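Thanks, everyone. I have one structure for today, and I will put it on the screen before I say anything about it.

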Amino acid sequence: MSKVLRALAIQLFVLMVLAVAVYLFQYLITPPYPMWGLVLIQSVLAALLTVKFGLPSWWRWIQFFIPIGLYAAIVLDVNPWLGLAGFVLLWLVFANASKERVPLYLTNSTTRQAFLELIKQVQSKQSRADVCFMDLGCGLGGNVVFMSQQHGVAQSQGVETAPIPYLIARVFTAFRGGQVFAQDLWKTPLKDCSIVYAFLSTEPMPRLWEKAKSEMRPGSVFVSNSFPVPDLDPSEIWELPDNRQTKLFIYYL
Ligand SMILES: C[S@@+](CC[C@H](N)C(=O)[O-])C[C@H]1O[C@@H](n2cnc3c(N)ncnc32)[C@H](O)[C@@H]1O
């Protein structure tokens with residue numbers, strides 16, 4: 001069963017349990033009960049069951065806010081078209097969350113500083129000065145711009161398929177440097193890239209490593225922020241001194 005259907009089934013299950021509980025409760029405390037209280041119970045129970053039923057932990061938040069959001073929309077008499085517009089907007093930003101299991105979150109500045117060390121390492125391994133950087137799923141293009149401004153980086157590129165992040169990245173790089181393409185990362189050739197960076201999720205890592213291994217040249221490096229390639233020892237793991245204790249998994253080809 002898909003994750004969305006599982007999440008909906010959990011909400012329905014909690015709703016039924018709550019309906020039975022409300023029915024039985026009338027013999028103890030005379031109704032009516034405050035609607036906001038029931039909505040809150042629905043939200044909390046759905047969020048708790050979400051992890052128990054094998055959904056990723058960040059789905060708890062979605063499950064928690066769905067009943068509250070629907071209730072708020074009813075109370076505030078929100079125009080349903082506004083809801084649809086909000087949904088479309090969310091899709092334009094997070095298009096890859098359902099298809100690729102990769103939402104949008106961004107690399108922080110501590111991690112970008114670590115890229116400088118990577119540039120030096122790749123330069124010495126390849127014994128050449130110019131480095132080509134590729135951000136697979138480049139989000140808003142921050143890494144691409146940063147790398148384009150570094151000494152020794154001949155080419156800094158990114159690919160992105162979520163429409164709004166792509167447009168933002170396109171504008172950002174047009175003014176500040178680097179190149180971004182509206183292209184699926186799976187169709188992006190990697191043979192000319194000396195640093196390939198991915199900050200995606202656990203889901204695509206096995207397939208992505210196969211792609212990197214078959215296309216990247218010796219001396220180049222594949223870096224995954226936070227998500228290691230399963231069943232493969234990285235060449236190095238860099239633990240960064242930021243709040244989220246970022247780990248960079250470094251794989252030399
Ligand atoms: C977690 S974000 C990382 C953004 C950026 N690389 C950074 O580190 O700041 C992952 C991005 O990958 C994009 N993405 C996911 N699957 C993709 C695919 N198949 N092709 C291109 N982009 C993809 C998502 O839309 C999202 O913007």
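I will go through the domains, a surface patch, the ligand, the salt bridges and one last residue pair.

Before the details, please keep in mind that this is a predicted model.

Domains to begin with. The domain assignment divides the chain into domain 1, residues 3-78, and domain 2, residues 109-252. Taken over C-alpha atoms, the centres of domain 1 and domain 2 are 40 Å apart.

Next, the surface. There is a nonpolar patch of about 560 Å², and the residues that make it are W36, L40, I41, V44, L45 and L48. Let me pick out L48 from that group. L48 sits in helix α2, which runs over residues 35-52. Is L48 buried or exposed? L48 is exposed, because its relative accessibility is 56% and the cut-off for exposed is over 50%.

Now the ligand. How many residues surround the ligand? The number is 23, and the closest are N96, T107, G137, E160 and L185. Three contacts can be given with distances. In the side chain of D135, an N or O atom is 3.0 Å from a nitrogen atom of the ligand. G137 uses its backbone: a polar backbone atom there is 2.7 Å from a nitrogen atom of the ligand. With E160 the contact is to an oxygen atom of the ligand, which lies 2.6 Å from a polar side-chain atom of E160. As for coverage, the ligand on its own has 600 Å² of accessible area, and the protein covers 99% of that.

On to charges. Side chains of opposite charge can pair when their charged atoms come close. This structure holds five salt bridges, and I will describe some of them.

D192 has a salt bridge to K191, with 3.5 Å from N to O. D192 also forms a salt bridge with R217, where the closest N and O atoms are 3.6 Å apart. That second pair links distant parts of the chain, 25 residues apart. R217 is in the loop between α8 (205-215) and β5 (221-225), while D192 is in the loop between β3 (179-181) and β4 (195-198).

How accessible are these residues? K191 is partly exposed at 45% relative accessibility. D192 also counts as partly exposed, with a relative accessible area of 45%. R217 is at 44%, so R217 counts as partly exposed.

Another salt bridge joins the side chains of E210 and K213, at 3.4 Å from N to O. Where do E210 and K213 lie? Both are in helix α8, three residues apart, or about one turn of the helix. E210 has a relative accessible area of 45% and is therefore partly exposed. K213, at 42% relative accessibility, is partly exposed as well. To return to the earlier group, shared partners join the salt bridges of K191, D192 and R217 into one network.

The last item is D130. D130 is found in the loop between α5 (109-126) and β1 (131-136). With a relative accessible area of 33%, D130 counts as partly exposed, because partly exposed runs from 20% to 50%. In sequence, D130 and H151 are 21 residues apart, and in space they are 8.7 Å apart, C-alpha to C-alpha.

That is the end of my tour.

Key
Residues numbered from 1 in each chain as written. Predicted model: local features only at pLDDT ≥ 70, side-chain atom pairs only at ≥ 80, totals over all residues. Heavy atoms only, no water. Domains from an automatic or database assignment. Patch = residues over 30% accessible without salt bridge, like charges linked within 9 Å, V, L, I, M, F, W, Y side chains within 5 Å. Areas by Shrake-Rupley, 256 points an atom, 1.4 Å probe, with all protein chains shown as cover. Salt bridge = Lys/Arg side-chain N within 4 Å of Asp/Glu carboxyl O. Helix = DSSP H or I, 4+ residues; strand = E, 2+ residues; numbered from the N terminus. Buried < 20%, exposed > 50% of the residue type's maximum accessible area, 1.4 Å probe, protein only. Near = heavy atom within 4 Å. Polar contact = N/O pair within 3.5 Å; in protein donor to acceptor, adjacent residues only side chain to side chain.
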